[in-house]
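Here is a short briefing on a few residues. Keep the sequence and the structure in view as you read.

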Amino acid sequence: MAIAGCGFQLSRPAELPSYLETVRLDTEDTRSDVFLALEREFLARGVVVTNESPYRLTIRNVQTGQRILSVSARNIPREYEVFYTVSYEFRRAGQVLVDRPQLTLTRDYVWNELEVLGKAREERQIRELIVSDLVDVIVRQIAAAR
């Protein structure tokens, strides 16, 4: 009740335009996490992924990695930043509707050499969350490009 009174609302998934019944997904790496997640998202929303569509989403570049953010006094990494960078373009019959030369999302986590297995799992989960957020941003931009 208190949450409802403050104006907070859970965000709903962006609604794709009703005319978007099919989409063509193009990329150089059909095994990238971003491509596979986008394909699953479109299929879950009832959009048929096919090579014969006037709508074309081209994933031009996907890069992922991690950087050290801080080290201990003994020069041991303590904090890492995980990132994904993607470039994409959405077209309708050759007309560019969305052109994103670069979209980067990051998250950081604290490393503890005593919890190697747990931290490796945490990094994997962070990567999955970043991919999910990237897909959400891409779908929202496509939805806004009506």
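**Ser87: a buried strand residue**

Ser87 counts as buried, because its relative accessibility is 8% and buried means under 20%. This is a predicted model. The points below go residue by residue.

**Around Ser87**

- Ser87 sits in strand β4, which covers residues 77-92.
- Leaving out residues up to four places away in sequence, Ser87 touches Thr58, Ile59, Arg60 and Asn61.
- Its contacts also include Arg100, Pro101 and Gln102.

**Val71 in strand β3**

- Strand β3 runs over residues 55-71, and Val71 lies in it.
- Val71 counts as partly exposed, because its relative accessibility is 42% and partly exposed lies between the 20% limit for buried and the 50% limit for exposed.
- Val71 is in contact with Ile76, Pro77 and Arg78, with neighbours within four places in sequence set aside.
- How far apart in space are Val71 and Trp111, C-alpha to C-alpha? They are 9.7 Å apart in space and 40 residues apart in sequence.

**Asp29 and the negative patch**

- Asp29 is found in a loop, between β1 (22-27) and α2 (33-44).
- Is Asp29 buried or partly exposed? Asp29 is partly exposed, with a relative accessible area of 41%.
- That 41% for Asp29 fits a patch, because patch residues need over 30% relative accessible area and no salt bridge.
- The patch carries negative charge and lies on the surface.
- Asp29 shares this patch with Glu28, Asp33 and Glu128.

Notes
Residues are numbered from 1 along each chain as its sequence is written. This is a predicted model: local features need pLDDT of at least 70, side-chain atom pairs count only at pLDDT 80 or more; totals for chains, interfaces and linings use all residues. Side-chain values use heavy atoms; hydrogens and water are left out. Patches are made of residues with over 30% relative accessible area and no salt bridge: like charges are joined within 9 Å, nonpolar side chains (Val, Leu, Ile, Met, Phe, Trp, Tyr) within 5 Å. Accessible areas come from the Shrake-Rupley method with a 1.4 Å probe; for residues, only the protein chains shown count as cover. A salt bridge is a side-chain nitrogen of Lys or Arg within 4 Å of a carboxyl oxygen of Asp or Glu. Lys and Arg count as positive and Asp and Glu as negative; His and the chain ends are not counted. The place of a charge is taken as NZ of Lys, CZ of Arg, CG of Asp or CD of Glu. Helices (H or I, at least four residues) and strands (E, at least two) are DSSP runs, numbered from the N terminus. Buried means under 20% relative accessible area, exposed over 50%, partly exposed in between (1.4 Å probe, protein chains only). Contact means heavy atoms within 4.5 Å.
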